Amino acid sequence: MGVPIQVTVNGKPYKAEVEPRQLLVHFLRDTLRMTGTHVGCDTSSCGACTIHMNGEAVKSCTILAVQADGGEIKTIEGMSPDGNGTLHPLQEGFKEEHGLQCGFCTPGMIMAADALLKENPNPSETEIRHALEGNFCRCTGYHNIVKSIQYAADKMRKEVTHG
Amino acid sequence: MITTAFSYHKAGTVADALKLLAECGDDAKILAGGHSLIPAMKLRLNQPEHLIDISGISEIRYIRCEGNSLRVGAGATHADIANSSDVQSHMPMLAETAALIGDPAVRNKGTMGGVLAHADPAADYPAALLAADAEVVVQGPGGERIIALENFLLGLFDTDLAENEIIVEVRMNISPSNAKSTYQKFMQPASRYAIVGCAAMVTVDQGRISDAKVAFSSVAEKAFRAREVENALKGQEASEATIKAAVKNAVNGVEVLSDHFASSEYRGHLAKVYAERALKAVI
Amino acid sequence: MANYIGKPVKRVEDKRFITGKGKYTDDIVLPNMSYAYILRSPYAHATINSVDISAAQAMDGVVAIFTGADIAEAGISGVPCGWQVNFKNGDTMKEPPHPLLVKDKSLHVGDGVAVVIAESKEIARDAADLIEVEYDEHDAVSNPADALKDGAPLVHADAPGNLAFDWEIGDKDKTDAAMAAAHHITKLEFVNQRVVPNAIEPRAAIGDYDGSRDHYTLYTSSQNPHLIRLLMCAFVLGLPEHKVRVVSPDVGGGFGSKIFHYAEEALVTWASKQIGRPVKWTADRSEAFLTDAHGRDHVTTAELGLDTEGNFVGLRVNTVANMGAYLSTFAPAVPTYLHGTLLQGLYTTPAIHIDLKAAFTHTNAVDAYRGAGRPEATFLLERLVETAAIEIGMDPAELRIKNFIPPFDGVEEPGYQTQVALQYDSGNYEPVVRKAMEMVGYDDFRREQAAAKAEGRLLGIGFSTYIEACGIAPSAVVGALGARAGLFESSQVRVQPTGKVSVYTGSHSHGQGHETTFAQVVADQFGIALEDVDIVHGDSDAVAFGMGTYGSRSLAVGGSAIVKSCQKVIEKGAKIAAHLLEVSEEDLEFAGGSWTVKGTDKSVGFGDVALTAYVPHNYPEDIEPGLDFSSFYDPKNFTYPFGCHICVVEIDPDTGKVDVKRFVAVDDVGNIINPMIVEGQIHGGVAQGIGQALFEEVLYDDNASLLNGSYMDYTMPRADDLPMFEVGNTVTPCPHNPLGVKGAGEAGCIAATPAVVNAVVDALKDYNVKDIRMPMTPERVWRAMHSNGNGHH
């Protein structure tokens with residue numbers, strides 16, 4: 001019944017046997033015990049489960065674990081640039097600008113924002129809001145999330161200029 | 001949310017997929033982007049025994065121009081289509097449509113073929129594709145069939161696709177160099193599907209409308225061409241008055257959908273508003 | 001060091017959340033854990049003829065299945081209600097049992113029928129499909145006003161006419177007389193629609209019975225673990241409270257919906273003992289829609305009487321409130337003591353009366369949702385006042401200010417006694433309106449509005465002022481009003497030997513930032529670094545007791561309890577310091593983390609005193625070692641934050657779609673410990689308030705089946721639906737708690753909703769639109785524009 005898969009998650013290779021119906025989000029949470037990726041709905045609507053697969057933001061509640069076979073996954077646990085606790089500018093931005101309250105939507109928000117900044121390093125407020133259309137936050141009213149992403153964008157642009 | 005159990009089959013090629021379809025029979029479902037199918041399976045509204053995953057078939061994930069023809073592989077994602085320079089320059093309304101589907105993560109997975117096979121009346125693409133006179137290329141055990149989209153879409157979640165066939169391509173003539181096109185959408189606020197989507201492609205020649213194609217998504221059980229609007233435009237002066245007169249006929253004879261987001265009266269009104277907006281953008 | 005209060009200190013809890021290390025209930029995996037799936041009734045009202053579990057039970061990996069019959073056989077009482085409201089005639093409210101699983105009858109879609117426990121959640125889910133339940137479906141009713149009509153389908157046989165209770169407050173005769181004499185009466189009939197709190201973390205619970213110690217642990221996504229323990233032990237399962245630990249780890253938002261004691265909590269706790277293994281249940285979103293308590297759901301007629309000068313002379317209200325099928329924990333309090341008592345608003349209205357009926361319907365429970373009763377009261381008042389201003393041709397801001405209660409500080413001047421039982425603590429209302437008008441640029445806006453009109457654009461501006469009763473609540477007062485619990489808070493402040501401080505609070509943070517705000521308070525109390533303070537909450541074994549977090553009470557009540565314990569530490573510390581410095585206590589002053597002999601540079605630091613308390617070699621004879629105090633704080637009064645919100649909208653005249661262009665919020669929440677966190681609370685509340693005004697509504701079909709129970713159909717605001725918010729404040733300290741704080745968690749959600757509706761009505765003033773039902777969907781707005789003979793305006 002199990003299907004063997006190999007995936008790289010946050011730079012580390014994993015081998016596992018998965019039931020075909022296991023969702024990628026449950027593979028991450030239950031099998032690999034990386035619980036930073038959350039489940040907030042049944043319909044691919046809330047974005048709490050947003051991760052990157054092969055460099056693109058995707059909703060891990062709407063992908064089967066078997067479909068990730070051979071793929072590269074990045075989750076919130078892999079956001080630290082040195083893998084050693086240094087915060088990514090987005091993580092820093094969310095803290096500095098109070099972009100989170102209960103924290104449940106935060107990993108998905110950060111992963112969605114990371115995908116945006118890769119495509120558009122200098123987004124306008126409207127572009128940021130548009131890019132978050134697949135992610136619900138019920139705590140912040142999005143105001144400080146927008147500011148958090150602007151903070152990160154500013155910082156990342158400066159790093160590029162100086163680095 | 002947990003789906004019922006199923007066997008998973010990964011198809012590497014179209015031939016593979018067809019073979020698997022033949023083997024698995026009626027209880028198989030094709031998995032493309034999965035954004036309609038997997039939620040339906042989680043809610044157990046859909047309980048296939050076999051899932052044939054075509055999302056990894058590279059031979060159907062392409063966008064290219066062949067002569068005068070724009071070819072979109074069924075496996076092209078909404079993001080592929082929105083970002084394609086071929087689509088942007090040769091069928092701008094299709095790129096616009098793709099960019100308005102779902103959200104960025106959905107656009108990274110959802111595919112052209114998946115949308116057409118599912119035939120959700122609220123889907124965005126059909127309006128633009130009808131206005132582009134697109135054809136659907138399907139493959140089955142008997143070979144290839146090319147079906148005009150207008151004939152392919154049969155009704156609510158119903159298409160001309162046989163159970164042993166898969167969609168491999170959508171093709172259309174590239175937009176004439178003097179034509180302008182757009183897709184305008186009034187969103188269902190929760191799902192971000194369309195409540196009304198209107199695509200328009202218009203050619204204006206020396207102040208007169210020489211050609212006009214107007215189509216709607218999400219207004220009726222299936223997307224349709226608004227030929228009365230088109231006829232009221234063709235040959236007329238390119239003016240606001242022409243547009244206003246033409247859009248009055250937008251839903252003549254159409255049984256307009258009604259749901260808790262929009263009654264049929266309101267949806268019919270929106271169809272006219274969005275037709276006017278689309279036409280004003282291109283005339 | 002110190003001086004943290006008033007500063008936007010970055011949150012100490014953030015690191016775990018931004019790195020994916022938060023620990024929510026569903027993140028917890030215990031050894032040998034099993035998984036529960038609850039089979040729920042698909043019918044709003046049905047007789048259960050039979051439940052056949054045989055096929056499901058035979059499935060591999062199924063550990064146990066329990067049905068309503070098993071629960072009844074085990075003698076388990078239903079989930080209790082925590083607040084008793086009596087009928088006007090003195091009879092006790094109707095309080096039908098709310099079983100953990102139903103045996104004979106399903107009373108709403110989602111009523112639990114059986115629980116399957118299995119080795120995996122997949123097996124549990126699959127087995128549930130094999131349970132065969134035979135139902136007889138009956139007619140059902142979802143609308144509370146319909147439920148009270150003759151011949152409506154009956155929810156409970158012992159609640160005739162579906163009336164849970166009726167209730168009134170205020171002077172009816174005086175109000176009738178005032179209305180009869182009024183020069184002008186503004187009357188509105190409206191629905192304050194049912195909405196879903198929708199915390200993004202679905203509810204979850206894990207029961208873990210340890211037979212070797214005869215001890216239970218319940219992990220649950222709750223706003224108040226101690227309250228859950230009390231209710232579950234004393235009223236549901238009859239468990240010894242000292243053998244039960246309830247843990248609420250990180251909780252992904254609550255907004256009221258996670259206050260209440262839910263059936264699933266008791267079910268997993270009980271089932272864990274039956275099978276001798278931990279049992280985990282996590283709600284699907286669809287299940288959350290069917291089982292989380294919803295909010296609002298009032299049907300109201302309200303009248304405001306004015307004299308010839310525009311003074312308010314009377315307010316008369318008739319409301320029907322939906323309770324759902326069962327009375328949830330705080331449900332009866334919401335439309336009564338959290339709603340009727342707020343009808344004074346900020347105004348001097350001398351005669352007020354509300355007549356309220358609470359109805360049972362075939363729907364899941366309605367209970368507190370962010371604001372809980374106060375949003376409904378504010379909506380009612382602010383829609384009436386705005387409408388009255390239009391009707392008598394007065395500026396809405398000036399009409400409000402004219403009727404405001406004059407300033408009072410609650411110290412030199414007494415609190416303000418309302419017509420509806422409450423005594424406001426302190427208030428100065430005009431400045432919030434003036435400041436909000438200045439921020440929005442009111443006069444400029446009116447010019448802009450006129451210019452836009454000339455271009456065919458529809459701009460509108462709407463005001464709302466509000467007062468709320470927070471810091472819930474003085475125990476004796478709420479006890480007299482029917483609460484079956486006290487509403488104090490507890491704290492323990494444990495100074496460790498090295499001078500580091502552990503603080504245990506009965507408040508619970510599920511986004512509010514207590515770990516930061518409370519640490520700021522404690523660090524300033526002791527003059528130590530913020531990093532030297534750790535806030536512990538959410539575990540009944542660690543924290544002595546707690547009433548939890550709701551009603552904007554954490555800082556006003558929980559924070560005050562912490563201050564009380566800090567003061568005890570400082571008192572004892574002074575004795576130790578005096579001993580070490582060989583002076584008397586009176587000669588010492590405590591500041592900046594040291595006790596200093598007045599007028600000298602002789603001092604001893606907080607850390608040295610702490611060490612001495614635990615290494616008491618050189619120590620006063622008459623005091624105990626250690627530096628560790630606990631306190632209970634019972635507030636003297638509610639706190640009464642207030643404010644003024646102004647919304648600017650633009651309406652698409654072709655589609656009726658409303659766009660919120662600007663939102664200005666000026667709130668007075670008393671003293672502010674962390675302005676960054678307070679602003680965040682306002683933002684979130686405003687977003688939810690706008691959500692109710694424009695997007696959110698629960699829809700049922702004719703037979704009480706939920707029509708929009710998913711995020712594909714139930715609309716909530718997304719990032720691109722909202723503008724940046726403009727937030728300001730004034731400060732009128734609370735006179736009766738040590739921090740002078742009033743509470744900020746619900747303000748935004750209370751004030752925003754009527755401001756948006758008022759703005760839309762203002763934008764449509766040329767269309768002769770008096771009112772629009774919420775949510776103001778594009779179609780509703782479009783229809784309003786094309787009714788009243790407006791045609792193609």
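Axes here are lines fitted to C-alpha atoms, for helices over the stretch in contact, with angles from 0 to 180 degrees between N-to-C directions. Helices (H or I, at least four residues) and strands (E, at least two) are DSSP runs, numbered from the N terminus.

**Before I start.** I am looking at a predicted model, where local features need pLDDT of at least 70 and side-chain atom pairs count only at pLDDT 80 or more, while totals for chains, interfaces and linings use all residues. Residues are numbered from 1 along each chain as its sequence is written, chains are lettered from A in the order in which they are written, and side-chain values use heavy atoms, leaving out hydrogens and water.

**Entry one: two helices.** I looked up H10 (residues 374-392) and H11 (residues 396-403) of chain C, whose axes come within 9 Å and cross at roughly 115°. The two are therefore roughly perpendicular (65 to 115 degrees). Among the residues in contact (heavy atoms within 4.5 Å) I found C:Val385 and C:Ile392 of H10(C) and C:Leu399 of H11(C).

**Entry two: salt bridges.** I searched the whole structure for salt bridges (a side-chain nitrogen of Lys or Arg within 4 Å of a carboxyl oxygen of Asp or Glu) and got 88 over all chains. One of them pairs C:Glu696 with A:Arg138 at 2.7 Å, N to O. Each sits in a loop, one in chain C and one in chain A, so the pair joins two chains. Both C:Glu696 and A:Arg138 are buried (under 20% relative accessible area, with a 1.4 Å probe and protein chains only; exposed is over 50%, partly exposed in between).

**Entry three: within chain C.** I then found C:Arg16 bridged to C:Asp250, 234 residues apart. C:Arg16 is partly exposed at 25%, whereas C:Asp250 is buried at 9%.

Definitions and conventions. Parallel < 35°, antiparallel > 145°, perpendicular 65-115°, else oblique.
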